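Biologist: I'm still learning to read these pictures, so could you pick out one part of this protein and take me through it slowly? I'd like to see how its pieces sit against their neighbours.

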Amino acid sequence: MHPIIIFSKMDFSQSNLFGYIEDLQELTIIERPVRRSLKTPEEIERLTVDEELSDIERAVYLLSSGQDIQGTSVVANLPVLMRQNPAETLRRVLPKIREVLHVAGVEMQLTAAVSFLTVLQEELVSIHTYSHSFLHIILQNLEHRDAGVSNAWLETLLAVIEALPKETVRHEILNPLVSKAQLSQTLQSRLVSCKIMGKLANKFEAHIIKRDILPLVKSLCQDAEYEVRTCICRQLEHIAQGIGAELTKTVVLPELVELARDEGSSVRLAAFETLVNLLDMFDADDRSQTVLPLVKSFCEKSFKADETILVSLSFHLGKLCNGLYGIFTPEQHLRFFEFYKKLSTLGLQQENGHNDNQLQVQTLEQEKKYILVRKNCAYNFPVLDALVGHLPEILELMTNGGENCGSENKLLSIPDLITALTTAEQRAATSLKWRTHEKLLQKYACLPHIISSDQIYYRFLHRMLTIILTNNVLPVQKAAARTLCVYLRYNRKQEQRHEVIQKLIEQLGQGKSYWNRLRFLDTCEIIMELFSKSFFCKYFFLPVLELTHDPVANVRMKLCYLLPKVKSTLRIPTDKHLLQQLELCIRKLLCQEKDKDVLTIVKRTVLELDRMEISVDAFQKRFYENDLLDQEKERQEHLLLEMEQLEKEKQQNEGRSTNINNKIFEKKRRDSKTSSVLAKSITLSVPGSSSATSAGKEDKKSKLVRSQSFSTQALHPKYNTLDKCPNKNSATGYTSSVSGMGKDCTLSFTDDSFRTHSGGNSGNAAFPSSSSRNLYNSADQKSSGNKEIQTRKMNILLWVKMETSGIICSSH
């Protein structure tokens with residue numbers, strides 16, 4: 001004989017005993033003081049169980065003569081006993097549990113409710129046996145005096161109703177429900193009846209609900225206790241779904257209208273939330289004539305009520321406005337919008353301009369509710385798809401503050417914008433809504449308008465490449481590929497562009513997975529659309545042709561479909577060697593291809609390639625529009641290179657001016673000691689030196705003025721003739737009026753590549769030579785040089801912004 005405290009051979013860590021079983025782990029803490037207090041032989045004898053007893057006999061013994069904690073452990077392990085020996089457990093253990101539960105404490109009651117539900121969910125017995133053996137025990141303990149115990153048994157019963165046959169539910173639950181829902185019954189009994197009715201509404205046909213349940217519902221809606229009216233009001237949604245739209249209009253809606261005018265705030269709140277959830281079941285007349293006036297009245301009175309109502313109203317406002325869409329008049333639209341604005345600033349603005357010190361200090365609980373109201377307003381601000389669809393316009397307005405401010409002022413007012421954008425993309429990626437993720441990636445192509453090239457490179461560009469490599473949804477991959485190409489198109493650092501191009505070729509074009517190589521071809525197709533022909537030929541033409549040797553037939557087949565577009569990027573005679581490589585690859589495919597489907601596509605592609613004409617470097621009328629568009633793309637690419645060069649020149653000038661200023665300061669320091677002596681000596685020894693010195697200063701001043709005047713003529717916006725030299729682009733359909741782009745402009749770029757694509761001969765801007773610079777006018781030269789670079793940079797930025805807008809819009 002050994003003393004034991006709990007059922008030693010039973011498993012206490014059963015995951016199917018739900019969360020409450022975790023509370024039983026605290027029993028080990030209770031066990032220690034119990035053991036220390038059990039000192040007498042009589043007490044030890046009471047807690048001693050023969051270890052030779054079977055599990056069933058031990059369970060019966062502990063339920064009959066054991067301590068309450070031992071009985072609780074037996075009840076917790078009821079599912080284990082049902083698996084091992086269901087017949088004996090039902091015959092001997094379950095009756096003992098039923099007897100003990102009459103006098104059991106809260107812990108054993110809660111444990112029994114969980115164990116009974118586990119037996120049902122794991123189907124350890126047939127549903128007929130369950131209803132015969134377990135259902136009566138559940139119904140007996142349903143109205144326990146402890147509210148927590150009653151709710152636990154109610155949850156078990158509601159789950160049982162789903163599994164029980166209709167006839168059993170009718171006889172064992174519905175028929176007794178008629179008497180338990182009467183006003184003469186206890187409050188707890190009537191509350192339980194309300195919740196059961198909501199579950200029964202989906203169990204029976206509409207005519208049975210109309211005959212047996214709706215009379216009880218009407219009675220409970222008129223109950224004297226507001227708790228009962230609130231409870232049955234929240235069940236009207238389930239009842240309406242069970243009886244259909246017609247009965248809902250004639251029976252449920254009148255009850256909701258009356259409950260919405262109830263004196264109890266919790267009843268009115270429940271009626272409002274139920275109305276919102278049932279909007280789809282009401283027709284336009286009901287919504288305009290009945291629901292809208294109720295909602296309008298509820299909103300008007302909400303600020304005078306408890307803050308809890310404001311929290312619920314702010315949470316359901318978006319769903320409410322969406323459900324009433326189409327019946328609002330313009331005046332009602334404006335009224336609900338003003339109401340939304342008031343909710344969204346609740347707790348932030350004080351009345352009459354008084355500050356917090358002049359008003360009564362709000363309680364912490366009230367402030368928490370105000371914060372929750374504003375959070376709900378932010379949650380209800382869009383319908384998510386509408387927000388994503390207008391993301392470019394919203395971001396543009398947010399960063400510009402509604403005005404056309406310079407790029408250097410962007411993001412100052414919204415420092416967390418980039419973090420918010422990256423977080424939004426990550427959440428969309430982890431959700432199951434891939435269409436939202438795809439749409440978001442497409443709209444992120446607007447970011448070159450919003451943030452700098454470096455921010456895009458470090459925070460977004462590599463993320464797009466990761467999505468292409470790892471995401472499993474094809475539309476999402478293609479959207480990321482297009483957005484990546486847009487980022488590459490407007491990246492301003494050649495080193496970064498080369499790095500991205502190298503990664504595209506190595507990780508996609510030469511990737512181990514054929515899926516990546518297919519995405520490389522998709523990306524190349526986008527590059528041919530967004531970039532100039534020369535750019536594609538320089539970086540991607542040969543990597544694409546390498547895929548003619550790909551071991552996967554699907555890759556070769558996709559390449560064959562792409563070859564006509566690849567050939568269209570060539571220009572003769574400049575790209576003659578690339579044309580030869582293309583013809584060589586096609587001949588190899590015709591001779592060596594073994595896959596029948598690929599060979600069929602190759603033959604069809606050869607015929608199409610033979611019919612194609614390749615544009616030549618000389619002007620050809622039939623290629624006029626395409627050539628103009630390609631020249632425009634190439635010019636934009638050169639502009640980005642020029643912008644990068646300007647940045648480097650600016651940094652060099654700043655470094656050079658710093659060194660000169662240091663030398664000036666050192667010379668002044670050395671000469672300050674002898675300046676007075678020299679001045680006196682010159683005055684005494686050279687007659688008329690004053691006039692000579694004055695003339696020398698005037699001569700230097702006049703030279704400086706002439707230099708600045710010439711520089712200003714060439715560079716100052718006033719003389720840039722932006723409005724006098726428009727460059728009409730027939731391919732894109734908009735006018736560019738930036739200095740250096742047209743025939744009559746006074747400023748042109750020094751790079752030969754820009755002269756090739758300019759509209760005509762433009763005069764070169766004159767810059768002061770380095771030999772004319774001296775120590776005394778270095779500061780002025782620095783100012784003039786910076787003005788020159790800034791002016792050129794502003795002109796290029798303006799032109800790039802105009803061009804970027806056209807390309808990005810067309811890409812979508």
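**A close look at one helix and its surroundings**

Modeller: Let's begin with helix H20, where Gln332, Phe336, Phe339, Tyr340 and Leu343 are buried. Viewed down the axis of H20, those buried residues fit within an arc of 100 degrees, so they line one face of the helix. Now turn to the face of H20 that points away from the buried side: there you'll find the exposed residues Pro330, Glu331 and Leu334. And what lies over the buried residues? The cover includes helix H18 (284-302), helix H19 (307-323) and H21.

Before going on, keep in mind that this is a predicted model. With that said, the length of H20 works out nicely. H20 has 15 residues, and from its first C-alpha to its last it reaches 21 Å, close to the 21 Å expected at 1.5 Å a residue.

Let's look at one of those covering neighbours. H20 (residues 330-344) packs with helix H21 (residues 364-379) at an angle of about 135 degrees, and their axes are 8 Å apart. The two helices are therefore oblique to each other. On the H20 side, the contact is made by Tyr340, Leu343 and Ser344, while H21 brings Val373, Arg374, Cys377 and Ala378. Sort the residues of this contact by class and you get 5 nonpolar, 1 polar and 1 charged. Notice that Tyr340 and Leu343 turn up twice: they are among the buried residues of H20, and they also take part in the contact with H21.

You can read another helix in much the same way. Helix H24 (residues 417-430) has 14 residues, which at 1.5 Å a residue should span 20 Å, and its end C-alpha atoms are indeed 20 Å apart. Its buried residues are Leu417, Ile418, Leu421, Thr422, Glu425 and Ala428. Around the axis they cover an arc of only 135 degrees, which puts them on the same side of H24. The face turned away from that side carries Arg427 and Thr430, both exposed. Among the elements covering the buried residues of H24 are helix H23 (391-400), helix H25 (434-443), helix H26 (447-450) and helix H27 (453-470).

That last neighbour gives us a way onward. H27 packs with helix H29 (residues 494-509) at an angle of about 5 degrees, with the axes 12 Å apart. So H27 and H29 are roughly parallel to each other. From H27, the residues that meet H29 are Ser453, Asp454, Tyr457, Tyr458, Leu461, His462, Leu465, Ile468 and Leu469. Facing them in H29 are Gln496, Glu499, Val500, Lys503, Leu504, Gln507 and Leu508. This contact divides into 9 nonpolar, 4 polar and 3 charged residues.

Two residues of H27 are worth zooming in on. Tyr457 has its place in helix H27, and it is buried, with a relative accessible area of 6%. Leaving aside residues up to four places away in sequence, Tyr457 touches His462, Asn491, Gln496, Glu499 and Val500. His462 lies in helix H27 too, but His462 is partly exposed, at a relative accessible area of 24%. With the same neighbours along the chain left out, His462 touches Tyr457, Glu499 and Lys503. So Tyr457 and His462 touch each other, since contact means heavy atoms within 4.5 Å. Glu499 shows up on the list for Tyr457 and on the list for His462.

Now try Leu484 as a reference point. The C-alpha atoms of Tyr457 and Leu484 are separated by 9.8 Å, though the two residues are 27 residues apart along the chain. For His462 and Leu484, 22 residues apart along the chain, the C-alpha separation is 8.3 Å.

Finally, step back to the whole protein. Its secondary structure comes to 40 helices and 4 strands. Of its 812 residues, 44% are buried. Take the contacts between residues at least 6 apart in sequence: 70% of them join residues at least 24 apart.

Methods: Residues numbered from 1 in each chain as written. Predicted model: local features only at pLDDT ≥ 70, side-chain atom pairs only at ≥ 80, totals over all residues. Heavy atoms only, no water. Axes fitted to C-alpha atoms, helices over the stretch in contact; angles between N-to-C directions. Parallel < 35°, antiparallel > 145°, perpendicular 65-115°, else oblique. Nonpolar A, V, L, I, M, F, W, Y, C, P; charged D, E, K, R; others polar. Expected span 1.5 Å × (residues − 1). Buried < 20%, exposed > 50% of the residue type's maximum accessible area, 1.4 Å probe, protein only. Arc of directions from axis to C-beta.
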